[in-house]
Amino acid sequence: MPLKKIFQWALLIGGAGACVALLRALHVPGAVLLGPMLVAIGFALSGVGLELKAGIFLPVQAVLGCMVASVVSWDLLQLIADHWAVVLAVNVLSVVAAGAVAVVFTRSGWLPGQSAIWGLSPGAASTMMMLGEQRGADPRVIALMQHLRIVCVTLTAIAVAGLAGAGSGSGASASPPVTVFLSGAVSVDVAATLAGLIAAGVAVAIAAKWGQAAFWVPVVVGSGLHAAGLAAVQVPAVVAAAAFAFGGCYAGLRFNRQVLLDCLHLMPAMVLGILLMIGSCIALMWPILRSFEGIDVLTAFLAIMPGGIDAAVAVAHGMHACVPVILAVQVMRLIVVTLLAPQMARLVSRYCKPRQPG
């Protein structure tokens, strides 16, 4: 690697660390994710040419899968079983709402071709980019919309968490902050289990050429081991922080200055579509609040926020949020989006003809 690139990577890492320290000093939730993301976006838009290949992100997905597996218990499974209809309904409705917004934008000609249909999916970003390109949509527009969605959703979640934190100082919520991470010494057994799950997830993802396997293998295998009491699946706080920081850098560096300049005239429509999608998900908070007794608005929002299970967990960490409820809804969202969103996008794109510019 050229010395110049080494210096640029060192500068990015140093800048990300400084930004995290600043945001933590300002008590901003999700600082470990947001700081590296903002610094990486700045580097990407400056045109330095730093990039992270998609395959490098696989271990991060595996760590996220281990985070989910670490809280799986019979109590959580019972929680999902008791509320499965509401959890499934709100996630299906979120996909339908995204499709409805995409249809309006496509038929109105506010975004080119069928890019809105694939770009506004509340998750499965890589799948949507691939399928959209296969059907003739502009992959640059889809990619930019998906990356903007991740940033907007993360910023919205942090804003909601900040407001909830500011409003909870004298409220009734006196429970200690919930964490899914292991602080303190890490036993050999815990480290071996974590390393084995991460390695298995990455290996299956590479062998099957299915990137999402890096997440799902640790979720399925780790959940089974953890719920059965055969192994303790725990994620050390330093590993979780590194995964969040790496994920933020990965999302930020995927911005491209040339693509941004080419799509600059489409930015208002993109942002409006993303905000409408977030707004539709906010409207779906109320069934969750009514179904799960005793949870607060922050928990309901983090549970229903469109995509980004890493952002949801990062913001929930250290806040007065119920992580099991968040993961119950978010894991169901991953299943629904993976199975339903591509099929719905194909259906909408088949019958929705975009209006041609006059």
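The dialogue below works through the fold, two helix packings and four single residues of a predicted model.

Student: Before turning to details, how many helices and strands are there in the protein?

Tutor: The predicted model has 17 helices and 2 strands. Of its 358 residues, 51% count as buried. The accessible surface amounts to about 16200 Å², and carbon and sulfur atoms hold 69% of that surface.

Student: What share of the contacts with a separation of 6 or more comes from residues 24 or more positions apart?

Tutor: Such pairs account for 78% of those contacts. Two residues discussed later, leucine 76 and alanine 227, give a case of distance in sequence set against distance in space: they are 151 residues apart along the chain, with their C-alpha atoms 9.6 Å apart.

Student: How are two packed helices described?

Tutor: The description uses two quantities, the angle between the axes and the distance between the axes. Take helix α3 (residues 58-70) and helix α9 (residues 188-208): their axes cross at roughly 130° and come within 9 Å. An angle over 115 degrees but not over 145 falls in the oblique class, and α3 and α9 are therefore oblique to each other. The crossing of α3 past α9 is right-handed.

Student: Which residues make the contact of α3 with α9?

Tutor: From α3 come Leu58, Pro59, Ala62, Val63 and Cys66, and from α9 come Leu194, Leu197, Ile198, Val202, Ala205 and Ile206. By class, this contact holds 11 nonpolar residues, with no polar and no charged ones.

Student: At what angle do α3 and helix α11 pack?

Tutor: The angle between α3 and helix α11 (residues 237-253) is about 135°, and the axes are 9 Å apart. The pair is therefore oblique as well. Here α3 passes α11 in a left-handed crossing. Val60, Val63, Leu64 and Met67 of α3 meet Val239, Ala240, Ala243, Phe244, Phe246 and Gly247 of α11. The classes in this contact are 9 nonpolar, 1 polar and no charged. Val63 is thus listed in the contact with α9 and in the contact with α11.

Student: Let us turn to single residues. Is threonine 193 of α9 buried or exposed?

Tutor: The test is relative accessible area, with under 20% counting as buried. Threonine 193 lies in helix α9. Its relative accessible area is 18%, so threonine 193 is buried. Beyond neighbours within four places in sequence, threonine 193 touches Ala231, Ala232 and Val233.

Student: Where is leucine 76 found, and what is leucine 76 in contact with?

Tutor: Leucine 76 belongs to helix α4 (residues 74-82). With a relative accessible area of 7%, leucine 76 is buried. Its contacts, leaving aside neighbours within four places in sequence, are Val71, Pro324 and Ala328.

Student: How is valine 95 to be read by the same approach?

Tutor: Valine 95 sits in helix α5 (residues 84-108). Its relative accessibility is 4%, so valine 95 counts as buried. The C-alpha atoms of valine 95 and leucine 120 are separated by 9.3 Å, while the two residues lie 25 residues apart along the chain.

Student: What is the phi of lysine 209, and is lysine 209 buried or exposed?

Tutor: Lysine 209 has a positive phi of about 55°, although this residue is not a glycine. The residue is located in the loop between α9 and α10 (213-228). At a relative accessible area of 78%, lysine 209 is exposed.

Definitions and conventions: Residues are numbered from 1 along each chain as its sequence is written. This is a predicted model: local features need pLDDT of at least 70, side-chain atom pairs count only at pLDDT 80 or more; totals for chains, interfaces and linings use all residues. Side-chain values use heavy atoms; hydrogens and water are left out. Axes are lines fitted to C-alpha atoms, for helices over the stretch in contact, and angles run from 0 to 180 degrees between N-to-C directions. Helices (H or I, at least four residues) and strands (E, at least two) are DSSP runs, numbered from the N terminus. Angles under 35 degrees count as roughly parallel, over 145 as roughly antiparallel, 65 to 115 as roughly perpendicular and the rest as oblique. A crossing is left-handed if the near helix is turned anticlockwise from the far one by less than a right angle, and right-handed if clockwise. Contact means heavy atoms within 4.5 Å. Ala, Val, Leu, Ile, Met, Phe, Trp, Tyr, Cys and Pro count as nonpolar, Asp, Glu, Lys and Arg as charged, and the others, Gly among them, as polar. Buried means under 20% relative accessible area, exposed over 50%, partly exposed in between (1.4 Å probe, protein chains only). Accessible areas come from the Shrake-Rupley method with a 1.4 Å probe; for residues, only the protein chains shown count as cover.
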